[in-house]
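Let's take a walk through this one together. Have the sequence and the model open side by side, and we'll go from loops to helices to the ligand.

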Amino acid sequence: MPSNPGATPGRAPLHLNAFLMSTGHHEASWRLAESPARANSDIEHYKNLARIAERGRLDSVFLADSPVLMGDPGRRPSAKLEPTVLLTALAGATEHIGLIATASTSYNEPYNLARRFASLDHVSGGRAGWNIVTTAGADAARNFGLDDTPLHHDRYRRAAEFVEVSTKLWDSWADDAVVADKERGVHALADRVRRIDHSGEYFRVDGPLNVQRPPQGYPLLVQAGSSEDGKDFAARYAEAVFTAQQTLEEGIAFYQDVKRRAQAAGRDPEGIRILPGIVPVIGDTEAQAQELDAELDRLIVPDYAKRQLADRLRIAPEDLALDEELPDGIPTEDEIEGAKSRYTLVVELARRERLTVRQLIGRLGGGRGHRTFAGTAVQVADTIEHWYDRGAADGFNIMPAVLPSGLETFVDQVVPILQERGLFRTEYTGRTLREHYGLPRPANQLFDLAAPLAG
Ligand SMILES: Cc1cc2nc3c(=O)[nH]c(=O)nc-3n(C[C@H](O)[C@H](O)[C@H](O)COP(=O)(O)O)c2cc1C
């Protein structure tokens, strides 16, 4: 089934995800008059956002997460609801749109998490996706009995085994296991439900799962790490990749790198959708968009951001002067055990453009390293089309600076342009998240069934 009716035949369809975060991706968005004071725990705010995204026929909405209260609670809304719980509520408020939740492989156990995602997939009728993260940061580690974050490489080893165990658990029920034969008194066929008897480096899990196989077989597997280990992990397991890329050249290089690694891992490179992030700030004129961007930057309280930047760079805040460039002697990526690729992106951005600390804080305040683009709806559509045509993207992770207004403007003004250009669907044709992304339902590795297509 085509995942994008309305898209020009012969041209691969574009995919769009809405990254929903609080009052918006700009750190000062919560200070605007329009922003709800308690957006993060306001289910009506999130229902409204999901419905707007669905009105635009977007493939999915996405929630980030980390099992820790991040940063200074004074700076921005930082307390938030658990994503699979929130998405379960959004499943009831929407019909079509995919629902992607972040969950950590470092601070969960596969049995519980595989069950949670299987449940979300059943509740939503096959619309669940899992953004698989390894969680950087010692502050999260200290919520789970550890003194510091496990080593980067070890986190990715555990993530790989975690995903292997999870897929086996989802496969522990054959698709035809439940017969509910009331006459014979047989509910499920015992030989179609199987233990997995997994015993590995990190996990021992007998199985089977106590939830039937999800409608999609597995939830859509999403990943967002960009270090060497992160890209190898994506190449092996991910079906969609979120990424932060500042320039077109870096975007193309990343795209080709991940697809090459997927091929080397024995996968079809077409089976991975790559979605760089973009923070669109849209105005009726370019000047108006830039003014909105500047207005948001003026609302940033630089002290919070300076402390966070110093923390990321592993130096004291006093060593950063707001109106000077980054000092020499900050660590290299090799010396960082946290989010390696984002660290490098931030340092390279500052060095390449010779930004002062104040300017760097402004640039990061909008999208934490994602590309901010201020312009008219046509200009936003143009840059999307340009990156797409040049082979830097299969789609985009839309990260509005302000929510809901930024998402509304994108859906009402940019999406119709993309539709007119034959780049984006005008109606949903698929039922599941996999169908929106044009990706197959995985076969069952334990029961060697030819997997029936959902829908
Ligand atoms: C769009 C996007 C969303 C992300 N969301 C999360 C998240 O919700 N939780 C998290 O711990 N990390 C998140 N990350 C961070 C990545 O998982 C990863 O740790 C980071 O990009 C550094 O890559 P590396 O771990 O391969 O060095 C996100 C990254 C991107 C690009």
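Start at Pro-208, which sits in the loop between strand S8 (204–205) and strand S9 (220–223). This is a predicted model, so treat what follows as a reading of computed geometry. What joins Gly-207 and Pro-208? It's a cis peptide bond, with omega at about -5 degrees. Now slide along to Pro-404, in the loop between strand S13 (395–398) and helix H13. The bond leading into Pro-404 from Leu-403 is cis as well, and omega there is near 5 degrees.

While we're looking at backbone geometry, have a look at phi. Arg-57 has a phi near 60 degrees, a positive value in a residue other than glycine. You'll find Arg-57 in the loop between helix H1 (43–55) and strand S2 (60–63). Is Arg-57 buried or partly exposed? Its relative accessibility is 21%, and because buried means under 20%, Arg-57 counts as partly exposed. Ala-180 also has a positive phi without being a glycine, this time near 45 degrees. Ala-180 belongs to a strand, S5, which covers residues 178–181. With a relative accessible area of 37%, Ala-180 is partly exposed.

Arg-57 gives us a handy bridge to another part of the chain. Its side chain makes a polar contact of 3.3 Å with the side chain of Glu-427. Glu-427 lies in a loop too, the one between helix H13 (405–420) and helix H14 (433–436). Glu-427 has a relative accessible area of 43%, so it ranks as partly exposed. For a sense of distance, pick Gly-375: it is 52 residues from Glu-427 in sequence, and their C-alpha atoms are 27 Å apart.

Next, a proline in another loop. Pro-269 is placed between helix H7 (248–264) and strand S11 (273–282). Which residue can we set beside Pro-269 to see how the chain folds here? Try Lys-259, 10 residues away along the chain, with 4.9 Å between the two C-alpha atoms. Pro-269 has 15% relative accessibility, so this residue counts as buried.

Now on to helix H5, which runs from 152 to 170. Ala-160 is one of the residues in H5, and it is buried, at 10% relative accessible area. Across from Ala-160 you can pick out Thr-105: 55 residues separate the two along the chain, and 8.8 Å separates their C-alpha atoms.

H5 turns up again when we look at the packing. In soluble globular proteins, nonpolar side chains tend to be buried together. Here the largest nonpolar core has 71 residues, and Leu-16 and Trp-130 are the ones that touch the most other members. H5 supplies the largest share of this core, with 8 residues.

Then there's the empty space. Rolling a probe the size of a water molecule over the atoms shows where such space is left. The second largest pocket has a volume of about 360 Å³. It is lined by 18 residues, and those closest to its centre are Tyr-218, Tyr-237, Glu-239, Arg-267 and Pro-442. Which helix gives the most to this lining? That's H5 again, with 3 residues. Helix H6 (228–237) is another contributor, and both H5 and H6 supply at least two residues each. The lining is a mix by class: 8 nonpolar, 3 polar and 7 charged residues.

Let's finish at the ligand. There are 23 residues around it, and the ones that come nearest are Ala-64, Asp-65, Tyr-156, Ser-227 and Ser-341. Zoom in on the oxygen atoms of the ligand and go through the polar pairs one by one. Asp-65 places a backbone N or O atom 2.7 Å from a ligand oxygen. Ser-226 also uses a backbone N or O atom, at 3.2 Å from an oxygen of the ligand. What does His-152 bring to a ligand oxygen, a backbone atom or a side-chain atom? For His-152 it's a polar side-chain atom, 3.1 Å from an oxygen atom of the ligand.

How values were computed
Residues numbered from 1 in each chain as written. Predicted model: local features only at pLDDT ≥ 70, side-chain atom pairs only at ≥ 80, totals over all residues. Heavy atoms only, no water. 1 Å grid on protein atoms, 1.4 Å probe; cavity = no way out; pocket = protein on both sides within 12 Å on 5 of 7 lines; lining within 4 Å. Points joined across faces, edges and corners; volume = space filled by probe spheres on them. Helix = DSSP H or I, 4+ residues; strand = E, 2+ residues; numbered from the N terminus. Nonpolar A, V, L, I, M, F, W, Y, C, P; charged D, E, K, R; others polar. Core = buried A, V, L, I, M, F, W, Y, C linked by side-chain atoms within 4.5 Å. Buried < 20%, exposed > 50% of the residue type's maximum accessible area, 1.4 Å probe, protein only. Near = heavy atom within 4 Å. Polar contact = N/O pair within 3.5 Å; in protein donor to acceptor, adjacent residues only side chain to side chain.
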